[in-house]
Amino acid sequence: MMEEFLLQHADRHQHLIRQFKPKPRPNEGDPVTSPKITVATRIRPLLDEETASGQVPAAFARVGESGVVDLHELRRVVRGPPPLNSSSFRVGEVFGPDRNTESIYEDLVQPLLPWVWEGHIGTLFAYGQTGSGKTYSVNGIERLIAGALFDGTLEGQRRLHVSIFELAGNSAFDLLNTRAPFSILEDSFGNTQLAGAKEHEVTSTPDLLALIEESALFRQTASTEKNDGSSRTHAICRIRVQNPTQNTLDDGVFYLVDLAGSEAARDIFNHSADRMKETREINISLSILKDCIRGLANMDNSKSSKKPYIPFRQSTLTKVLKHVFDPSGNHECRTAVLACIGPSFLDTGATKNTLRYAEMLRSAEMKVVSSGYNPGVPSTWNNKELRNYIKIQSGNPSVSPSVLAPSETGEQLLRLSSSQFISRCLRSDGVSSDQAKAFHAKFWRLHIDSQRNSSGKTSTAKKNVQTLCKDSPSERYSSSRDPALEGKTTVPDFKERIRPGMVISWTCHSPSISPSDPLKQNLALVLCPQIADAAQAQAFLGFLGDKARQVSQRGQRYLCATVSSGALADTYEVNMWRQVVVDVKDMEAEVLLEYDAATRYHHITV
Ligand SMILES: Nc1ncnc2c1ncn2[C@@H]1O[C@H](COP(=O)(O)OP(=O)(O)OP(=O)(O)O)[C@@H](O)[C@H]1O
């Protein structure tokens with residue numbers, strides 16, 4: 001009925017639009033020089049069939065003021081001629097019906113190519129109502145990218161790997177493998193992995209174009225009220241850019257995302273049950289996407305210290321786009337968003353909705369900040385922060401940061417195999433194999449703990465780092481390290497600084513102790529000088545045998561708790577109830593034990 005009313009008043013609509021005098025939009029301040037999100041809006045031309053059916057345009061790029069779309073709706077009133085309701089939206093660069101896909105590519109997408117080439121994540125996603133021109137735009141852009149990746153303008157040797165897939169509801173299908181289903185998983189770094197999707201290496205523009213063509217054959221389409229060849233899934237082309245000369249660097253990844261179009265409730269009235277379900281699933285995933293956009297837009301509105309909730313885990317689509325929305329993400333990414341709108345006055349409701357979200361994303365463009373350095377989360381460390389950690393935390397003598405991590409970030413070092421990590425450590429003067437292993441374990445525990453606790457609780461790892469690096473006296477005791485030595489470059493021999501809580505290795509002289517006895521671990525935690533509990537110490541001396549008693553009685557002795565192996569490999573337990581008296585002469589070295597709250601065991605650290 002509304003459609004009929006609008007078609008009847010098409011002339012009046014156009015007449016009123018001609019008289020429209022736009023009010024300038026308030027200035028938004030300085031432009032952002034290097035935004036993480038760039039938003040642009042494309043108004044497609046009115047199609048021949050739309051013109052033929054009497055439709056007229058209602059969405060316009062404002063002339064003389066860039067970045068603004070004016071939208072005009074004719075309002076139905078009880079009496080008198082219908083008035084015009086005009087609204088305006090500031091939605092990034094606006095590409096009107098006369099602008100071609102090349103110009104969008106040049107302004108919006110081309111700047112992302114060198115970024116991805118250097119090992120970062122770039123994403124383009126197009127969204128908008130069904131029939132608004134998303135597939136048309138993304139297809140055109142994909143072809144231009146296929147040309148640019150091989151025309152020699154990007155410097156350096158790279159290997160390119162491509163997967164193209166679609167998401168329907170929460171299922172994923174490989175469009176380069178006859179729509180075979182596969183899983184979308186999250187790895188220990190929180191990165192999304194496509195488990196089971198085929199990757200194809202491409203070495204030329206025709207190679208890549210052939211894959212794009214092949215994927216189009218398998219994409220699920222159907223006719224909607226607004227588009228005869230509507231895509232009923234979200235299609236994603238993922239191009240991984242690998243630098244073969246620097247294996248430790250992250251691969252760059254380009255995601256090109258053509259979202260399924262949303263349909264209004266009234267447009268799905270005649271759908272079958274299956275199509276209704278499919279439309280509902282599309283609308284749910286788009287609605288979660290919108291919630292994520294809203295969360296992102298509110299992210300840095302931090303009058304309150306509480307971070308807005310961004311529900312990116314609620315749909316497969318937003319899980320794939322996690323790097324765009326996860327505020328704690330650790331991979332640098334830049335995102336271009338193309339909001340697509342149809343110009344027709346019959347679509348103003350959906351168009352307004354698209355423009356509103358584009359406006360929200362524009363505000364996010366100003367606010368998105370890097371998740372930044374977190375001392376408890378190794379995957380957020382850049383090379384300088386990582387080197388600093390290695391220097392301070394790798395033990396004595398310290399591992400050389402320039403040998404272990406000449407250029408790597410924290411995340412890249414975590415990707416090294418343990419044998420690579422340890423063999424690099426061993427290239428530093430004086431570093432033993434045990435020290436290298438202990439440092440590797442320590443670094444990984446910090447990482448695992450930081451991932452386990454990413455929900456916001458202060459992690460053990462973070463506490464440990466605070467304990468070791470920052471002043472937090474109440475939390476010092478998660479390691480046997482002496483806090484007083486923090487930051488000291490020269491440390492006296494351990495025998496000159498024996499203190500309660502110190503862990504030592506020592507030589508046990510009793511031949512009567514079986515190899516399985518905890519004492520054979522030869523580790524003990526110093527409690528106090530023996531004099532404090534002479535009776536109990538004497539009892540132990542009896543247990544140690546006459547020879548040991550003679551030796552220990554000659555020197556200074558300490559009452560110590562024994563340390564035995566835990567149930568997990570390389571873990572230890574302190575047995576406070578099983579004590580031993582150890583002579584300083586029998587002590588071999590200080591050993592650093594660190595407590596891991598998650599396993600409730602101690603580990604040897606450095
Ligand atoms: N800029 C444009 N110039 C000319 N024709 C266009 C333009 N954009 C879109 N079209 C045409 O409009 C129709 C709908 O476009 P398209 O299929 O890209 O929409 P869509 O947003 O991907 O729709 P859906 O969400 O339903 O898949 C197509 O026939 C397409 O060729």
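## Strand pairing, ligand shell and unusual backbone in a predicted model

Strand 3, which covers residues 68–74, is joined to strand 4 by 7 bridges, and the two strands run antiparallel. The structure described here is a predicted model, and the points below take up its strand pairing, an annotated binding site, the residues around the ligand and some backbone features. For the binding site, the names come from an unreviewed UniProt entry, which lists G128, Q129, T130, G131, S132, G133, K134 and T135.

**Strand pairing**

- Within the pairing of strand 3 and strand 4, L74 stands opposite L84, the latter lying in strand 4.
- These strands belong to an open sheet of 3 strands, arranged in the order 2-3-4 with antiparallel pairing.
- Strand 2 (59–61) and strand 4 (84–90) are the edge strands of this sheet, and because each has a single partner strand, one side of each is left without a neighbour in the sheet.
- On average, and with direction ignored, neighbouring strands of this sheet are turned by 20° against each other.
- Strand 17 (residues 503–506) pairs in the antiparallel sense with strand 18 (residues 523–529) over 3 bridges, and in this pairing S505 of strand 17 is found opposite L523 of strand 18.
- Strand 17 also pairs with strand 21 (residues 587–596), again in the antiparallel sense and over 4 bridges, with V591 in strand 21 as the bridge partner of V503.

**The annotated binding site**

- G128, one of the residues listed in the unreviewed UniProt entry for the binding site, is found in strand 6, which covers residues 121–128.
- G128 counts as buried because 28 other C-beta atoms lie within 10 Å, the cut-off for a buried residue being 20 or more.
- Leaving aside residues up to four places away in sequence, G128 touches K134, G261, A339, C340, I341 and T354; of these, K134 is itself among the positions that UniProt lists for the binding site.
- G131, another of the listed positions, is found in the loop between strand 6 and helix 6 (134–148), and G131 is likewise buried, since 25 other C-beta atoms lie within 10 Å.

**The shell around the ligand**

- The ligand has 19 residues around it, of which G133, T135, Y136, S230 and G261 come nearest.
- Helix 6 and strand 13 (230–231) are the elements that give two or more residues to this shell, and the largest share, 3 residues, comes from helix 6.
- Sorted by class, the shell is made up of 12 polar, 5 nonpolar and 2 charged residues.
- G133 and T135, which are among the residues that come nearest to the ligand, also appear in the UniProt list for the binding site.

**Backbone features**

- Most residues other than glycine have a negative phi, and most peptide bonds are trans.
- T178, although not a glycine, has a positive phi of about 45°, and its place is in the loop between strand 8 (171–174) and strand 9 (180–186).
- T178 counts as exposed because it has 10 C-beta neighbours inside 10 Å, where the cut-off for an exposed residue is 12 or fewer.
- R179 is also found in the loop between strand 8 and strand 9 and has a positive phi of about 60° without being a glycine; with 16 C-beta neighbours inside 10 Å, R179 counts as partly exposed.
- A cis peptide bond, with omega about 0°, joins N396 and P397, and P397 is found in the loop between helix 12 (383–393) and helix 13 (401–404).

How values were computed. Residues numbered from 1 in each chain as written. Predicted model: local features only at pLDDT ≥ 70, side-chain atom pairs only at ≥ 80, totals over all residues. UniProt positions renumbered as here; feature names shortened; annotations may be inferred. Contact = placed C-beta atoms within 7 Å. Near = placed C-beta within 6 Å. Nonpolar A, V, L, I, M, F, W, Y, C, P; charged D, E, K, R; others polar. Pairing = 2+ DSSP bridges. Axes fitted to C-alpha atoms, helices over the stretch in contact; angles between N-to-C directions.
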